[in-house]
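I am opening these notes to keep track of what I looked up, entry by entry. The topics are backbone angles, burial and cysteines.

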Amino acid sequence: MFTIAHRGFAGVAPENTAAAVRAARERADGIEVDVQPVADGTPVVFHDQRLDGDGDSRGVTDAEGFVWDANPETLAAADVLDSGEPVPTLADVADLVPAGVEFHVELKNPGSEDARLGLSGPDAATWRPFVESVADALADCDAPVVLSSFFDGALEAATEVLPDTPRAALCLDTDRGLTRASEFDCRALHAPVDGLSADFVEHAHRDGRTVNAWTVTDWQDAVTCSDAGVDGVIADYPGIVDYAGDPARLA
């Protein structure tokens, strides 16, 4: 199994920051980040809808408000998890990813409260301007890029804007994931660890798709992934897959 660093190995560095990407680039086969726009449309690397802890957000920074309402200067001055690291732009992070490491870019939000898991989300027309700005930010990226999303509208926009860039279908439900991957001709499926089964992985493989499991946080998760036959893990820590084939190595 190969390893994709979740938010840039969020277990060892502040998530979705330049420091996290630097921590991952020598120890991972791929690096995954979340992207959404700020007020002027610039794609930045950030997971939650809000910079503070209101609503469903976790209070990742010392700034306030929705990400898409913030100006670039606010993001550059924000402190992520009391680390001294700011919220980076996608272009800045893309410059840090080596050519030999896959860069997995999750299209998290086009700048809308409608983009919530469990909802159908914005349509492709709503996503398209943001996906175009993502394409611009990645234009000089040396690493091979994979675009992923939970949202059909994002994947549809990706097929229109960057048809030659591989796509990965994120899913909570594996049956829906298989359908989404087929509908948008995705190269891969990113499925939750607790939804894995050997039958699901075999189905995806028959369709010619790889399966990467998220979010792998310990060796037990890695063993589950190995038993199911997944191709890769999206992990918070480096080295987790080392124990997947032989948990007795922990003794």
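Before the first entry I fix my terms: a residue is buried when its relative accessible area is under 20%, exposed when that area is over 50%, and partly exposed in between. I also keep in mind that this is a predicted model.

**Positive phi.** I looked up Asp82 and found a positive phi of about 55°, although Asp82 is not a glycine. I placed Asp82 in the loop between helix H2 (72-77) and helix H3 (90-94), and because its relative accessibility is 74%, I count Asp82 as exposed. I then turned to Asn16, where phi is near 55°, again a positive value in a residue other than glycine. Asn16 lies in the loop between strand S1 (2-6) and helix H1 (18-24), but with 2% relative accessibility I had to enter Asn16 as buried.

**A cis bond.** I noted that the peptide bond leading from Trp214 to Thr215 is cis, its omega being near -25°, and that Thr215 belongs to strand S8 (residues 210-216).

**Cysteines.** How many disulfides does a search of the whole structure find? I recorded 0. Cys141 is in no disulfide, and the nearest cysteine sulfur, which belongs to Cys186, is 19 Å away. Cys141 is buried, at a relative accessible area of 15%. For Cys171 I asked why its sulfur makes no bond with the closest cysteine sulfur, in Cys186; the two sulfurs are 10 Å apart, which is too far, since a disulfide needs the pair within 2.5 Å. I also wrote down that Cys171 is buried, with a relative accessible area of 0%.

Technical notes
Residues are numbered from 1 along each chain as its sequence is written. This is a predicted model: local features need pLDDT of at least 70, side-chain atom pairs count only at pLDDT 80 or more; totals for chains, interfaces and linings use all residues. Side-chain values use heavy atoms; hydrogens and water are left out. Buried means under 20% relative accessible area, exposed over 50%, partly exposed in between (1.4 Å probe, protein chains only). Helices (H or I, at least four residues) and strands (E, at least two) are DSSP runs, numbered from the N terminus.
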